[in-house]
Amino acid sequence: MKHMTIVPAISGHDLEQAWKEKLPDLLQPGDGCEVWADEKNPHSLNIHIDVAGHSLYSFDFHCTYMDDREVKVELADVQQGSRHIDEHHETVQQLIGDYVRRIRECAQQLKPLTHR
C-alpha cells in the first residue's frame, strides 16, 4: 500500500499571506521578517529573520510542509551584518533553535487553514 502525502489545504499566495500575517506576532519585539513562497514548491516558504539588537544577525530558513500540519525547517544561511558566519557558535545555535521553534509554532497556529 503506497503512502499518500496529505498536502496543506492552501498553498502558494494564500499560504504566504497567512504566514506574513502570523509569524511577526510570534517573534521577539523588534525582530523583522520576510516570508515568500518558494517558486519550485507551492507548499514551501522561504523565511528571512533579522534579529533585533546590536548583533546584526540574520537567518534564512526554508520551511516545507511535510503534510497538512507538520513542517520541516532547514537553515539556509546565517549572517552577521554582511558576513556569512559559522552557525556552530553556541549563541547562534541557541538563536537557530529558538527561531525554528517559533516557525513550527506558526505552522501549528495556522493549522485551521492548512488542515483538511
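**A walk from H115 to the sheet**

Okay, let's begin at one residue: H115 touches D68 and R69, leaving aside residues up to four places away in sequence. Before I go on, keep in mind that this is a predicted model.

So where is H115 along the chain? You'll find H115 in the segment after α3, and α3 covers 111-114. Now take one of those partners, R69. H115 and R69 sit 46 residues apart in sequence, yet their C-alpha atoms are 6.1 Å apart in space. And is H115 buried or exposed? Neither, really: its relative accessibility is 33%, and because partly exposed covers the range between under 20% (buried) and over 50% (exposed), H115 counts as partly exposed.

Right, on to the sheet. We have five strands in an open sheet, and the order is simply β1-β2-β3-β4-β5, with antiparallel pairing. At the edges are β1 (32-37) and β5 (83-84); each has a single partner strand, so each has one side without a neighbour in the sheet.

Let's look at β1 and its partner. β1 and β2, which is residues 44-50, run antiparallel and are joined by six bridges. If you want a spot to zoom in on, try V35, which stands opposite I47 in β2.

Then there are helices on this sheet. Helix α1, residues 12-26, packs on it and touches β1, β2 and β3 (57-65). The direction of α1 makes about 170 degrees with that of β1. Helix α2, residues 90-109, packs on the sheet too, touching β2, β3 and β4 (71-80). For α2, the angle between its direction and that of β3 is about 40 degrees.

That's my tour, thanks!

How values were computed: Residues are numbered from 1 along each chain as its sequence is written. This is a predicted model: local features need pLDDT of at least 70, side-chain atom pairs count only at pLDDT 80 or more; totals for chains, interfaces and linings use all residues. Side-chain values use heavy atoms; hydrogens and water are left out. Two strands pair if DSSP finds at least two bridges between them. Helices (H or I, at least four residues) and strands (E, at least two) are DSSP runs, numbered from the N terminus. Contact means heavy atoms within 4.5 Å. Axes are lines fitted to C-alpha atoms, for helices over the stretch in contact, and angles run from 0 to 180 degrees between N-to-C directions. Buried means under 20% relative accessible area, exposed over 50%, partly exposed in between (1.4 Å probe, protein chains only).
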